[in-house]
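Colleague: I have the sequence and the coordinates open side by side. Could you walk me through what the atoms show?

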Amino acid sequence: MPSAPGSGFSGSVSLKYVKLGYQYLVNHFLTILLLPVMAAAALELVRLGPDELLSLWRSLHLDLVHILCSAFLLVFVATVYFMSRPRPVYLVDYCCYKPSPSFRVPFTTFMEHIKLISNNEKSLKFQTRILERSGLGEETCLPPANHYIPPSPSMEAARAEAQLVIFNAIDDLVLRTGLKPKDIDILVVNCSLFSPTPSLSAMIINRYKLRSNIRSFNLSGMGCSAGLISIDLARDMLQVHPNSNALVISTEIITPNFYHGSRRDMLLPNCLFRMGAAAILLSNRRRESSRAKYRLMHVVRTHKGADDRAYRCVYEEEDDEGHSGISLSKELMAIAGEALKSNITTMGPLVLPMSEQLLFFFRLVGRKVINKRWKPYIPDFKLAFDHFCIHAGGRAVIDELQKNLDLSARHVEASRMTLHRFGNTSSSSLWYELAYIEGKGRMRKGDRVWQIGFGSGFKCNSAVWKCLRTVKTPTDGPWDDCIHRYPVHIPEVVKL
């Protein structure tokens, strides 16, 4: 018998409110349990007269020694607690490098350069198909050396790109925060594929004349998720060095990494990677909490390098003709999914409400005991986070995470628009995405942000931030001249 009109809708609405009621009941179980007890105790105290209250106090037989001992114990326990708890880590502010329009590489320019550089028709058609489906727009940028025909990837050109993107990001951060060189206690730089001597961290110390006792670190070879590894390292340093500031630089230098061969799995990075950098100021100083934007809540790191497939899925090597480049395995998305699963298994108990944790637990037990064919329960991370910054590694990466985490188009908007406007800027892409959310005026006090990065090795790293104040729409930054045009529709295929 056909159902009455609207019965399906009313059923779905009823189910929705049942789920909401269940979540509220489980998440506030202790409150609901304690409120009647506290109300009964308060009523009982109100009913007692002054004489009864006085006799109750005297019946406790408390003398001065007992009171002093109790006070001392209370102060001791409080001191141990405050001394042993982790120091809060604040994100004071951050800035992203904004490329000059002269570095822009429209599709037609890119393909014309490829035609002039290579005579391989199959490689040309392959890169055309990749660009058509990449999700990149017409305003992504490549460094000056890559505009030459053929590209000129010299050490001098690579160092010039590093100075351009890093110094511009730091200069903007100094201007925005009033940061002075003497105020920087810790410096962490990550750049995966360009590791000169002296290091990039030494280059920054030399340019800004930082203190001789600064604690500096230079991370290389750690892939696109190295930005969150740098945040984790800076957090650990801030736990052992009180009253300190940490400057974190995330970038990838494109100049020396253009692949000149014809292997398809090594041509992909040419099509997707673009220039970018971010400078982030972290602090554990209490006085910075009043102007800080975010507080770091959690960092979870997952490394699948023990598995040979995962280890080799993003691999720097030479092809048969001796051209070096980065090969991307066909199994990359499957391996990324496995790494994400391990990461969210650790992250879930830290951030999910109790209602979701119980549903996950019951379904897990049910699969083990009752029926192995039951589908695993995917927790609703939308209940734990207000904003998602997914590494803009490519359209396939964003699609896969949107599907696996059951996210809406709005949840992945920042990632898609960052990929469209700036391309894959490697480890700094997460900060362009956060800047997009702020540029849209969506960041409110109390909001939680989940940053998810993937990198070679294979690694999946994630960080959780809590917004400390409603962020005003910035008047500067990487999106200031184009945020009004976004979001834009990105077709599945852009015919070239």
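Modeller: Before the details, one cut-off will help: a residue is called buried under 20% relative accessible area, exposed over 50%, and partly exposed in between. Please also keep in mind that this is a predicted model.

Colleague: Fine. Where does R301 fall on that scale, and why?

Modeller: R301 counts as partly exposed, because its relative accessibility is 45%, and partly exposed covers what lies between the 20% and 50% limits.

Colleague: What does the R301 side chain pair with?

Modeller: The side chain of R301 meets that of D232 in a salt bridge, with an N to O distance of 2.9 Å. R301 lies in strand 6 (residues 294-303) and D232 in helix 9 (residues 226-240), so this pair ties together parts that are 69 residues apart in sequence.

Colleague: And D232, is that buried or exposed?

Modeller: D232 is buried, with a relative accessible area of 7%, whereas its partner R301 is partly exposed at 45%.

Colleague: How many salt bridges are there by this rule?

Modeller: The count comes to 23 salt bridges. As a general point, side chains of opposite charge can pair when their charged atoms come close.

Colleague: Which residues are linked in a network of salt bridges?

Modeller: A network of salt bridges links D93, R176, K293, E438 and D476.

Colleague: What does R442 form a salt bridge with?

Modeller: R442 forms a salt bridge with E413, and the closest N and O atoms of the two are 2.9 Å apart. Since R442 lies in the loop between helix 16 and strand 10 (448-455) while E413 belongs to helix 15, the pair ties together parts that are 29 residues apart in sequence. E413 is buried, with a relative accessible area of 10%.

Colleague: What about D307 and R309?

Modeller: The side chains of D307 and R309 meet in a salt bridge as well, at 3.2 Å from N to O. D307 counts as partly exposed at 29% relative accessibility, and R309 is partly exposed with a relative accessible area of 32%.

Colleague: Switching to helix packing, how do helix 6 and helix 10 cross?

Modeller: The axes of helix 6 (residues 121-133) and helix 10 (residues 264-272) come within 10 Å and cross at roughly 50°. That angle makes helix 6 oblique to helix 10, and helix 6 passes helix 10 in a right-handed crossing.

Colleague: Is L267 of helix 10 buried or exposed?

Modeller: L267, which lies in helix 10, is buried, with a relative accessible area of 1%. Its C-alpha atom is separated by 8.2 Å from that of G325, although L267 and G325 are 58 residues apart along the chain.

Colleague: And how do helix 7 and helix 8 cross?

Modeller: The axes of helix 7 (residues 155-177) and helix 8 (residues 200-208) come within 11 Å and cross at roughly 55°, and the two helices are therefore oblique to each other. Helix 7 passes helix 8 in a right-handed crossing.

Colleague: Now the backbone. Where should I look for cis peptide bonds?

Modeller: A cis peptide bond joins I149 and P150, with omega at about -5°, and P150 lies in the loop between helix 6 and helix 7. Another cis peptide bond joins T197 and P198, where omega is about -5°, and P198 is found in the loop between strand 2 (186-190) and helix 8.

Colleague: Which residues have a positive phi although they are not glycine?

Modeller: Among them are D406, with a phi of about 55°, and S426, with a phi of about 65°. D406 is found in the loop between helix 14 (395-404) and helix 15 (413-422), and S426 has its place in the loop between helix 15 and helix 16 (429-439).

Colleague: Are those two buried or exposed?

Modeller: D406 is exposed, with a relative accessible area of 56%, whereas S426 is buried, with a relative accessible area of 1%.

Colleague: Last topic, the surface. Which residues form a nonpolar patch there?

Modeller: F361, F362, V365, V369, I370 and W374 form a nonpolar patch on the surface, and together they have about 620 Å² of accessible area. I370 is found in the loop between helix 13 (354-369) and strand 9 (387-390), and I370 counts as exposed because its relative accessibility is 62%, the limit for exposed being over 50%.

Note on methods
Residues numbered from 1 in each chain as written. Predicted model: local features only at pLDDT ≥ 70, side-chain atom pairs only at ≥ 80, totals over all residues. Heavy atoms only, no water. Patch = residues over 30% accessible without salt bridge, like charges linked within 9 Å, V, L, I, M, F, W, Y side chains within 5 Å. Areas by Shrake-Rupley, 256 points an atom, 1.4 Å probe, with all protein chains shown as cover. Salt bridge = Lys/Arg side-chain N within 4 Å of Asp/Glu carboxyl O. Helix = DSSP H or I, 4+ residues; strand = E, 2+ residues; numbered from the N terminus. Buried < 20%, exposed > 50% of the residue type's maximum accessible area, 1.4 Å probe, protein only. Axes fitted to C-alpha atoms, helices over the stretch in contact; angles between N-to-C directions. Parallel < 35°, antiparallel > 145°, perpendicular 65-115°, else oblique. Left-handed = near helix turned anticlockwise from the far one by under 90°.
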